[in-house]
Amino acid sequence: MHMIPTQLIPRSIRLALVIAALSSVDPLQAEEFSYRNLTSARMKLDKHFDFEANADSYMQAFRYDIYKAYRNDEFQFRRKLSETVGMMKEAAEQFSLDAEMTLNVRLTLGNYNFAKQDFPIIEMNGSNYWYKNCPYHRGNLPSSYSVHLTNKTLIRSIPMSERNAEAFIAARKTSYGSVNRSIEGVIRFKILKLRGEKNEFDVEVQSARFFADEARTRVLHSVVKKDESKAKKSEVVFAQD
């Protein structure tokens, strides 16, 4: 993210970050948002998943060195396929649908809504989804998996007072008048179910934090699903000199 040099911020404005009552991190293990974990989830949820038919693809995706070493020896390759099937079944069994996955995102703020006193998040007000590609795609496994947030209303906007919002925009304005509206986000979600396609998941946001900087040290807003009516938040405050 391109950050605006301090000298371009009007002297009458000083940026101070106030973090109030931030939600604690859920004690459940956070899984990486990866093709491998999504494959484990798919194998867990798909009651008709054919482990034997997908073993070759799985080996190419996650055991490529083994695949290359034994693919031309059908006898040893057959043993490695059987070994891979066992690994796949173990991965499916061990994957927990109660665990949360962590999704790191870059988002875009729309124009300030004066009536609601918030900035809408562009990507959360449409049909956007997030995906992971297969590192080595061959055979039956899908080339990518996608996740679709079922409760986007939880994270559709960044609340901010009009005074602070005006100062926030001023701090991100260049000398040419353009405004950097990008923010960083960390979304934690749980997988609910497979959609119609075997490479798509419905997921539910459990918590999210949004940041004003690429290093993710300045929190703009945080929210937790389990207490939507009392969403805890922090807000960038601009104090007058």
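Contact, in what follows, means that heavy atoms lie within 4.5 Å of each other. With that in mind, let me begin with the whole chain: among contacts between residues at least 6 apart in sequence, 69% join residues at least 24 apart.

Before I go further, this is a predicted model, in which local features need pLDDT of at least 70 and side-chain atom pairs count only at pLDDT 80 or more, while totals for chains, interfaces and linings use all residues. Residues are numbered from 1 along each chain as its sequence is written, and side-chain values use heavy atoms, with hydrogens and water left out.

The protein has five helices and eleven strands, where helices (H or I, at least four residues) and strands (E, at least two) are DSSP runs, numbered from the N terminus. Of its 241 residues, 44% are buried, and here buried means under 20% relative accessible area, exposed means over 50%, and partly exposed is in between, with a 1.4 Å probe and protein chains only.

I would like to start with helix 2, which covers residues 51-62. How many of its twelve residues are buried? Nine of them are, and helix 2 is therefore described as mostly covered. The buried ones are F51, N54, A55, S57, Y58, M59, Q60, A61 and F62, and they pack against helix 1, helix 3 (64-70) and helix 4. Helix 2 spans only 14 Å between its end C-alpha atoms, whereas a straight helix of twelve residues would span 16 Å at 1.5 Å a residue; the expected span is 1.5 Å times one less than the number of residues.

One residue of helix 2 that I want to point out is N54, which is buried, with a relative accessible area of 7%. If we leave aside its neighbours within four places in sequence, N54 is in contact with F49, M88, N140 and L141.

Now to the way the helices are arranged, for which axes are lines fitted to C-alpha atoms, for helices over the stretch in contact, and angles run from 0 to 180 degrees between N-to-C directions. Angles under 35 degrees count as roughly parallel, over 145 as roughly antiparallel, 65 to 115 as roughly perpendicular, and the rest as oblique. Helix 1 and helix 2 pack at an angle of about 170°, with their axes 12 Å apart, and they are therefore roughly antiparallel to each other. Y35, R36, T39 and M43 of helix 1 make this contact with F51, Y58 and F62 of helix 2. By class, there are five nonpolar, one polar and one charged residues in it, with Ala, Val, Leu, Ile, Met, Phe, Trp, Tyr, Cys and Pro counted as nonpolar, Asp, Glu, Lys and Arg as charged, and the others, Gly among them, as polar.

How do helix 2 and helix 4 lie, roughly parallel or roughly perpendicular? Their axes come within 9 Å and cross at roughly 100°, so these two helices are roughly perpendicular to each other. Helix 1 (residues 35-45) and helix 4 (residues 74-94) pack at about 85°, with axes 8 Å apart, and that pair is therefore roughly perpendicular as well. There, S40, M43 and K44 in helix 1 meet M88, A91, A92 and E93 in helix 4, and these residues divide into four nonpolar, one polar and two charged.

My last topic is the aromatic rings, and a search of the whole structure finds eleven aromatic pairs. Rings of Phe, Tyr and Trp (its six-membered ring) pair if their centres lie within 6.5 Å; planes under 30 degrees apart count as stacked, over 60 as edge-to-face and the rest as tilted. The rings of F49 and F51 have centres 5.0 Å apart and planes at 75°, so this pair is edge-to-face. F49 is buried at a relative accessible area of 9%, and F51 also counts as buried, at 15%. A tilted pair is formed by Y145 and F201, at 5.8 Å centre to centre and 50° between the planes. Because Y145 lies in strand 6 (residues 144-149) and F201 in strand 9 (residues 200-211), the pair ties together parts that are 56 residues apart in sequence. Both Y145 and F201 are buried, and ring pairs link them with Y35, Y58 and F62 into a cluster.
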